[in-house]
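The exercises below ask you to read a model step by step, moving from strand pairing to helix packing and then to backbone geometry. Please keep the sequence and the structure open while you work through the solutions.

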Amino acid sequence: MAYQLRLQCGPEVKILVVDRDAKDQNDRTWAFWSKNPLPLGLDQIVQHRWSKLHFGAPEWNRTMSIDPLKYQLINGSDYYTYLKRQLKQLPNTHFLQAEITRLGEDDQGPWAEIGGDLYRSDWIFDSRVSTTELSLDEDSSYFLWQHFRGWRVKLDRPCFDPNIATLMDFSENQTGEPSFFYCLPFSATEALIEYTAFTTDIWKKEVYEHQMVNYLRQRFGHVGYSILEEEEGKIPMTDIDLTNRNFRRIRSIGTAGNAVKPTTGYAFLRIQEQVSAMTEELVSTGDISHATLPNDRWRWYDHLLLYLLQYHPHRSREIFVSLFENQPFERILRFLDEDSKWWEEVLIFKDLPIAWFVEAAWKHSIRSRISWKGQPILRKKTHYG
């Protein structure tokens, strides 16, 4: 957002970036697919690209080209370094490592309380989500966590194909949970391996690590390995509106601005598009609309899958297996990216367990009628402003 503001608004605008973290560690990775050049010159920091994807099921395995798309990965540390370097070369851009304790707005405009002092601005963009304290009122909406733990490993012998990324592998998952393995190889001996699940609760560290040890042994035998880096995270999968709409000149962005695709957890390119649209609107109109939730067929599809994942998690594997078994992977990715044609969606739906989705549509319509009677959905113990 800071870089987009600088590019769109010119050098005279003063920008302050406040973050409680130094952002000097590789605390996360971003993976996504695209066929187009990335915004802001980000192509130069992509660590790896894959032209083929693999999907694993207990009964079958399938590897397929996704051309013209490429699955791509950017390291968090490279992203922070690149953007901070770009911003520091430009005037009137400042960084402050601190915790924002409150946000508010008065007759003079929006303000942020930092270390007991008030910082005032024409606009404030807030990307914070109090993810540890999100909870869901019963019978009102859908909420799960996509949670994961990953290792970047180096094997003592070549086992990986660096041209093939494993998007989902259910073949070695014996837990019965809606969970799978994810593997992005960078060379024949080095890869990022993650164990990912869709559930309402977060597991202990030992659960993920036990599964990853088993996965390495079952897939590659008695291979020796060293762990180069570790990462963990959790992403809200929900149809709840996370946007703070209480202020005239404070805008929620990123996850807080509903930029995460609810049923996949992918957000990187959606966030880039969101902040670009916001800055363009600011320049052209002098105002910025609050982030909105769509009311279209994509949101309907998300509702149905979220219902099934939350209330029938044991069905998740069969749903994803059905999705990837017969369709071109490139078509599935465009569908997940909300970029498919209606006739392609018909072809996709014919392979899914339709009775489950009919049930989900019926149950969701009942839940929607109930929720109209009372809107309180989300409890957040941390209040801003």
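**Exercise 1. Follow strand β13 and its partners.**

Task: Find the residue that stands opposite W151 in β17, and then establish how β13 pairs with β17 and with β16.

Solution. The model is a predicted one, and the first step is to locate W151, which stands opposite E230 in β17. Next, widen the view to the strands themselves: β13 and strand β17, which spans residues 225–238, pair in the antiparallel sense over 13 bridges. A further pairing joins β13 to strand β16 (residues 190–199), again in the antiparallel sense, with 10 bridges between them. Within that second pairing, R152 has L192 in β16 as its bridge partner. Finally, consider the accessibility of β13, which covers residues 143–155: the strand is mostly covered, with 12 of its 13 residues buried.

**Exercise 2. Describe the sheet around β6 and the helices across it.**

Task: State in what order the strands β2, β3 and β6 are arranged, and identify the helices that lie across β2 and β6.

Solution. Begin with the strand order, which is β2-β6-β3 in an open sheet of 3 strands with antiparallel pairing. The edges are formed by β2 (29–34) and β3 (48–50), each of which pairs on one side only. On average, and with direction ignored, neighbouring strands of this sheet are turned by 20 degrees against each other. Looking at one pairing in detail, β3 and β6 are joined in the antiparallel sense over 3 bridges, and W50 stands opposite Y71 in β6. Two helices can then be added to the picture: helix α2 (residues 76–88) lies across β2 and β6 and runs at about 70 degrees to β6, while helix α4 (residues 268–285) also lies across β2 and β6, running at about 80 degrees to β2.

**Exercise 3. Place L73 in its surroundings.**

Task: Decide whether L73 is buried or exposed, and list residues that it touches.

Solution. L73 lies in strand β6, which spans residues 70–75. Its relative accessible area is 0%, and because the cut-off for burial is under 20%, L73 counts as buried. The residues touched by L73, leaving aside those up to four places away in sequence, include T29, W30 and A31, then V46, Q47, H48 and W50, and also L184, F186 and L192. Two of these names have appeared before: L192 is the bridge partner of R152, and W50 stands opposite Y71. As a check on distance, L73 and Y195 are separated by 122 residues in sequence and by 17 Å in space, C-alpha to C-alpha.

**Exercise 4. Characterise two helix pairs.**

Task: Determine the packing angle, the handedness and the contact residues for α7 with α8 and for α1 with α4.

Solution. Two packed helices are described by the angle between their axes and the distance between the axes. Helix α7 (residues 329–336) and helix α8 (residues 342–349) pack at about 110 degrees, with axes 11 Å apart. Angles of 65 to 115 degrees count as roughly perpendicular, and α7 and α8 are therefore roughly perpendicular to each other. Their crossing is left-handed. The contact is made by R331, I332, R334 and F335 from α7, together with W343, E344, E345, L347, I348 and F349 from α8; by class, these residues comprise 6 nonpolar, no polar and 4 charged.

For the second pair, helix α1 (residues 2–9) packs with α4 at an angle of about 35 degrees, and the axes are 9 Å apart. The crossing of α1 and α4 is right-handed. Here Q4, L5, Q8 and C9 of α1 meet Q272, V275, S276, T279, E280, L282 and V283 of α4, giving a contact with 5 nonpolar, 5 polar and 1 charged residues.

**Exercise 5. Examine unusual backbone geometry.**

Task: Say where P68, L40 and N92 are placed, and describe the backbone at each.

Solution. Most residues other than glycine have a negative phi, and most peptide bonds are trans. D67 and P68 are joined by a cis peptide bond with omega of about 10 degrees, and P68 is placed in the loop between β5 (61–65) and β6. L40, although not a glycine, has a positive phi of about 60 degrees; L40 lies in the loop between β2 and β3 and, at 17% relative accessibility, counts as buried. N92 is likewise not a glycine and has a positive phi of about 65 degrees. N92 is found in the loop between α2 and β7 (93–97), and its relative accessibility of 28% makes it partly exposed.

Key
Residues are numbered from 1 along each chain as its sequence is written. This is a predicted model: local features need pLDDT of at least 70, side-chain atom pairs count only at pLDDT 80 or more; totals for chains, interfaces and linings use all residues. Side-chain values use heavy atoms; hydrogens and water are left out. Axes are lines fitted to C-alpha atoms, for helices over the stretch in contact, and angles run from 0 to 180 degrees between N-to-C directions. Helices (H or I, at least four residues) and strands (E, at least two) are DSSP runs, numbered from the N terminus. Angles under 35 degrees count as roughly parallel, over 145 as roughly antiparallel, 65 to 115 as roughly perpendicular and the rest as oblique. A crossing is left-handed if the near helix is turned anticlockwise from the far one by less than a right angle, and right-handed if clockwise. Contact means heavy atoms within 4.5 Å. Ala, Val, Leu, Ile, Met, Phe, Trp, Tyr, Cys and Pro count as nonpolar, Asp, Glu, Lys and Arg as charged, and the others, Gly among them, as polar. Buried means under 20% relative accessible area, exposed over 50%, partly exposed in between (1.4 Å probe, protein chains only). Two strands pair if DSSP finds at least two bridges between them.
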